[in-house]
Amino acid sequence: MSGAQRRALAIVFGVVFLDLLGFSIVIPILPFYARAFGGDELAIGALAAVYSLMQFVSAPYLGSLSDRYGRRPILVLSLCGSVVAWTIFGLAGSLAVLFLSRGLAGAMGGNIATAQAYVADVTPPEERAKALGFLGAAFGLGFIVGPGVSAGLTLPGVVDTVDAVLPAVVPIDQFSLPAFAAAFASLLAVVGALAFLPESRELDDATVAGDRPSQAAALREALTDPGLRGLVVAFFLFSFAFSGVQVMFIPYVADVYGYAEAQAALLLTYIGVLAVVVQGGLIGPLTERYSSTRLTVFGAGLLAVALVAIPFTREFGLLFPDLTGVAGFLTPALLALLFVLALLSLGNGVLGVTLTALVSGQASADRQGSAFGITQGAGSLARTVGPVLMGALYASVGFQSPFVLGGLLVLPVVAIALYLRVGDEAGEPQPADPAQAR
């Protein structure tokens with residue numbers, strides 16, 4: 001990889017980090033903001049769903065537009081949209097305006113597919129999974145830093161100090177200040193992309209103005225492509241299972257472990273740190289030694305085991321030492337939970353990166369953005385319905401059910417990976433769809 005390619009990757013990683021930082025700053029205050037306008041738990045869930053729904057609608061279109069007009073202008077456009085969305089969020093005077101802001105933020109959130117396509121453009125195939133792992137680390141780092149920034153900006157002393165400095169026409173409170181900080185982070189990403197980010201691919205007249213199918217036709221074509229169909233299903237199952245479990249994890253540790261908000265937040269920070277370690281440090285050596293197909297099987301299998309194990313960690317605690325004499329909070333049950341969460345982070349990190357690398361391998365050079373947009377869209381659709389259904393299971397069946405179902409949903413990804421048409425170590429192509437192998 002040349003020095004210019006490394007610089008381009010560093011810049012796009014910085015842009016993605018700033019964009020995800022803004023997103024993660026807003027997430028912790030969202031439930032409290034909705035309740036300030038009289039919203040209940042259903043409204044809070046709907047605010048989460050509208051983001052994913054709009055991301056599902058927009059991701060394939062932004063990806064296809066980036067194939068046609070270039071990655072840089074689409075990234076800049078979507079980042080500008082994020083600035084507007086978070087500004088509206090901070091100025092919201094009603095629950096309806098919050099929904100408007102979240103919808104716009106979700107529509108602009110499809111830019112992750114464009115960033116992934118950018119990485120694919122500037123990296124050779126043998127280094128792509130490693131580079132996408134670093135992109136995933138930028139996501140994880142954003143989710144580590146963002147909640148801490150949000151917590152600091154909601155402190156009364158910080159809010160009062162900023163309110164005294166800024167003009168009276170700027171409304172500052174514990175909700176608007178983090179939202180404006182999120183808008184500022186996205187604005188910095190816009191400036192960075194405009195000033196430093198080069199276009200990753202050369203566009204000719206045929207690329208920009210050639211005869212292309214409509215967006216809907218392109219989506220149907222990709223979904224019937226045997227090279228992408230299995231991956232779209234895999235992304236959907238993976239995202240459905242993991243997003244549903246993410247939402248139910250906080251109620252689980254509150255109900256079973258008796259943890260309050262601060263303790264639950266520390267567990268989320270622990271997961272975020274592990275995600276950065278896996279995607280920023282371990283993925284590179286793993287992809288140099290093993291194929292993406294093998295790593296996908298490994299990641300899916302490990303994630304399935306970890307998801308099923310989570311609701312039984314108190315029982316697994318019998319296998320762990322009692323360290324409360326060293327540190328009072330290190331109970332055997334907590335040690336078991338931390339161990340299972342480490343397995344979950346490793347499986348999730350490996351699976352997310354290698355599935356993305358397989359998508360890149362199945363798409364031609366001028367369809368990278370479209371392919372990433374479609375698979376990201378499938379993930380967004382799963383994140384729209386997964387948390388709602390998993391929540392219903394938690395309430396009606398029991399706290400174990402979402403985690404067990406999540407593990408079972410990930411298992412088919414193993415079968416899909418085994419049949420992907422990417423070529424195995426022997427050099428023989430594998431069918432991309434299990435149905436074709438019969």
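Glu288 is found in helix H13 of this predicted model. With a relative accessibility of 61%, Glu288 is classed as exposed, because the cut-off for that class is anything over 50%. A residue from a distant part of the sequence lies across from this position: Glu126 is 162 residues away along the chain, yet the C-alpha atoms of Glu288 and Glu126 are separated by 8.0 Å.

Helix H13, which spans residues 261–289, also holds Leu268. Here the relative accessibility is 43%, so Leu268 counts as partly exposed. Once neighbours within four places in sequence are set aside, Leu268 is in contact with Phe249 and Ile250. For the pair Leu268 and Phe249, a sequence separation of 19 residues goes with a C-alpha to C-alpha distance of 9.4 Å.

Leu47 offers a useful counterpoint. This residue belongs to helix H3, residues 41–69, and its relative accessible area of 0% means that Leu47 is buried. Beyond the neighbours within four places in sequence, the contacts of Leu47 are with Leu30, Ala34, Leu95, Leu98, Phe99 and Arg102. Of these, Leu98 sits 51 residues from Leu47 along the chain, with 7.8 Å between the two C-alpha atoms.

It helps to set these residues against the chain as a whole. The model contains 18 helices and 0 strands. Of the 438 residues in the chain, 50% are buried. Among contacts with a separation of 6 or more, 80% join residues that are 24 or more positions apart.

Attention now turns to the nonpolar interior. The largest nonpolar core comprises 53 residues, and those with the most contacts inside it are Val12, Trp86, Phe89 and Val119. Helix H1 supplies the largest share of this core, with 12 residues. Another core lies apart from it and has 47 residues, including Leu237, Ala333, Leu334 and Leu337. Back in the largest core, Trp86 is a good place to look at the surroundings in detail. Excluding residues up to four places away in sequence, Trp86 touches Gly22, Phe23, Val26, Arg102, Ala105, Ala179, Ala182, Ala183 and Ser186.

Several helix pairs can be described in the same spirit. Helix H1, residues 3–26, packs with helix H9, residues 176–196, at an angle of about 170 degrees, and the two axes are 8 Å apart. An angle over 145 degrees counts as roughly antiparallel, and H1 and H9 are therefore placed in that class. Their crossing is left-handed. On the H1 side, the contact is made by Ile11, Val15, Leu18, Asp19, Leu21, Gly22, Ile25 and Val26. H9 contributes Pro178, Ala179, Ala181, Ala182, Ala185, Ser186, Leu188, Ala189, Gly192, Ala193 and Phe196. The residues of this contact divide into 15 nonpolar, 3 polar and 1 charged.

Helix H9 has a further partner in helix H4, residues 71–91, where the axes come within 8 Å and cross at roughly 165 degrees. H4 is therefore roughly antiparallel to H9, and H4 passes H9 in a left-handed crossing. From H4, the contact draws on Arg72, Val76, Leu79, Cys80, Ser82, Val83, Trp86, Thr87, Phe89, Gly90 and Leu91. Facing them in H9 are Ser176, Ala179, Phe180, Ala182, Ala183, Ser186, Leu187, Ala189, Val190, Ala193 and Leu194. By class, this contact of H4 with H9 has 16 nonpolar, 5 polar and 1 charged residues. Trp86 and Phe89, both part of the H4 side of this contact, are also among the residues with the most contacts inside the largest nonpolar core.

The last pair to be described joins helix H14, residues 292–309, and helix H18, residues 400–418, whose axes come within 8 Å and cross at roughly 165 degrees. This angle makes H14 roughly antiparallel to H18. The crossing of H14 and H18 is left-handed. In H14, the residues involved are Thr293, Thr296, Val297, Ala300, Gly301, Leu303, Ala304, Leu307 and Val308. They meet Phe403, Val404, Gly406, Gly407, Val410, Leu411, Val413, Val414, Ala417 and Leu418 in H18. The contact of H14 with H18 has 14 nonpolar and 5 polar residues, and no charged residues.

Methods: Residues numbered from 1 in each chain as written. Predicted model: local features only at pLDDT ≥ 70, side-chain atom pairs only at ≥ 80, totals over all residues. Heavy atoms only, no water. Axes fitted to C-alpha atoms, helices over the stretch in contact; angles between N-to-C directions. Helix = DSSP H or I, 4+ residues; strand = E, 2+ residues; numbered from the N terminus. Parallel < 35°, antiparallel > 145°, perpendicular 65-115°, else oblique. Left-handed = near helix turned anticlockwise from the far one by under 90°. Contact = heavy atoms within 4.5 Å. Nonpolar A, V, L, I, M, F, W, Y, C, P; charged D, E, K, R; others polar. Core = buried A, V, L, I, M, F, W, Y, C linked by side-chain atoms within 4.5 Å. Buried < 20%, exposed > 50% of the residue type's maximum accessible area, 1.4 Å probe, protein only.
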